[in-house]
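Hi,

Here is the structure I said I would pass on. Have a look at it first, and my notes follow underneath.

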Amino acid sequence: MSAQFNAFDRLAMARALALAERGLTTAHPNPRVGCVIARDGKIIGEGWHERAGEAHAEAMALGAAGAAAAGASAYVTLEPCSHFGRTPPCADALIRAQIARVVFAIGDPNPRVGGAGALRLRQAGIEVESGLLAREAEELNAGYLSRMRHGRPWVRIKLAMSLDGRTALANGSSRWITGEAARADVQRWRARSSAILTGIGTVLADDPRLDVRAAAERDQPLRVILDSRLRTPTTARILERPGAALVFSAYDEPVRRRALEEQGARVEQLTDTRLNLEQVLKRLAEIEVNEILVEAGPTLAGALLQGGFADELLLYVAPILLGPQARALVQLPELTDLAQSKQFTIIDTHNIAPDLRLRLRPA
């Protein structure tokens, strides 16, 4: 930790991060941002960004602090914006409030910001510091940062397996490998995602809804189906919410496309051959998808891993054995040397009785 930050600075930024997390399921496509206004070792105002088009964290915190904000410090989890979007620039609001010092956790890689917010504050005579609790802030906005830096969303693949790495019996039966608590945990990961991605094989085999049971209609993630020949049935449960599904096809099938569109789905044809995963992810970034939760079979999961598109694995391990005839976790090419194996780092383990949840990232 940089020496310029004291214990209260760290406490205030930790509080700002906790506030930012309140927008975990609602802030997208915007970043999750929290702000604390403090003076003389006391918090006098705080806020967070809840939803696109509504007040930003800085505006909420300044409103709570009122005139007392003059001469105070502002702690923000992301560099204050400097451009007009759905709301006015936050940097200007901090300047008007006569804030004396701004501490932000990480810079905003959005090309419309990209250091301009910090520069504007400094030009107004405000002391500006950054880098406080940066790692925590990066974690909170992994999807937004990936979209801005790399032009694609953060891809998190959810998998459930037995102790011997199997996902279903040889006959396809897989309901349920994990317990009720683990399935409830998946709901929370769905809720924070901008989109749920699956393949046509899963739609045909399981007819899933892939929604968030407890979420309001406007907070439901987009459901994305990779369906090269538009085989999605018009009666599929994933289409039950109008406008909730986006179907990517590789061929133009006008009759089937119209039938799906009449059910409220959006259909986009990306190529005239097989679906290209890089193209799919680029298109999802263009429509402002930040985090994707992949809930699919071994073919799509394996293709994302093989293509280097998987940023994180969310792996639920059930204390059961299914045997060598059961279906494998992912489909990958046969290896001839251990050096060819895909390696991961475990970043988190959590007991969700009776199961275990692992979070892994490519090593």
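Let me start with the lining of the largest pocket: α7 gives the largest share of it, six residues. Bear in mind that this is a predicted model. The pocket has a volume of about 1,700 Å³, and 48 residues line it, with Thr202, Asp206, Glu295, Ala296 and Gly297 the closest to its centre. If you want to find the walls by element, colour β6, β7 (166-168), α7 (180-191), α8 (200-206) and α11, which each give two or more residues to the lining. Sorted by class, the lining of this pocket comes out as 20 nonpolar, 12 polar and 16 charged residues.

One of those elements, β6, also belongs to the sheet, so to speak of it next: there is an open sheet of nine strands, with mixed pairing, in the order β11-β10-β9-β8-β12-β6-β13-β16-β15. At its edges sit β11 (266-269) and β15 (344-352), each of which pairs on one side only. Direction ignored, neighbouring strands of the sheet are turned by 20° against each other on average.

Helix α11 (residues 298-306) packs on this sheet, where it touches β6, β8 (195-199), β9 (222-226), β12 (291-294), β13 and β15. The direction of α11 makes about 135° with that of β6.

Now β6 itself. The strand covers residues 154-161 and runs parallel to β13 (residues 312-317), with six bridges joining the two. Two pairs to click on there: Ala160 stands opposite Tyr316, and Met161 stands opposite Val317. On the β12 side, the strands β6 and β12 are also parallel and are joined by four bridges; Ile157 has Val294 as its bridge partner in β12. Why call β6 largely enclosed by the rest of the structure? Because seven of its eight residues are buried.

Helix α6 (residues 142-150) is worth a look as well. Its buried residues are Ala142, Gly143, Tyr144, Leu145, Ser146 and Arg147. What do they pack against? The contacts are with β3 (73-78), β4 (101-106), α5 (134-140), β6, α10 (277-286) and β12. After α6 comes Gly151, which has a positive phi, near 70°.

Two of those α6 residues turn up again at a cavity. The structure holds one cavity of 30 Å³ or more, and the volume of this largest cavity is about 30 Å³. Gly143 and Tyr144 are among the residues that line the cavity, together with His28, Asn30, Pro31, Arg32, Asn141, Asn290 and Glu291. By class, that lining has two nonpolar, five polar and two charged residues.

Last, a residue on the outside. Val255 is found in helix α9 (residues 254-262). Is Val255 buried or exposed? It counts as exposed because its relative accessibility is 61%, and the cut-off for that label is over 50%. If you are picking reference points for a view, Val255 and Val330 lie 33 Å apart in space, C-alpha to C-alpha, and 75 residues apart in sequence.

That is what I have for now. Send me your comments when you have had a look.

Best wishes

Key
Residues numbered from 1 in each chain as written. Predicted model: local features only at pLDDT ≥ 70, side-chain atom pairs only at ≥ 80, totals over all residues. Heavy atoms only, no water. Pairing = 2+ DSSP bridges. Axes fitted to C-alpha atoms, helices over the stretch in contact; angles between N-to-C directions. Contact = heavy atoms within 4.5 Å. 1 Å grid on protein atoms, 1.4 Å probe; cavity = no way out; pocket = protein on both sides within 12 Å on 5 of 7 lines; lining within 4 Å. Points joined across faces, edges and corners; volume = space filled by probe spheres on them. Nonpolar A, V, L, I, M, F, W, Y, C, P; charged D, E, K, R; others polar. Buried < 20%, exposed > 50% of the residue type's maximum accessible area, 1.4 Å probe, protein only.
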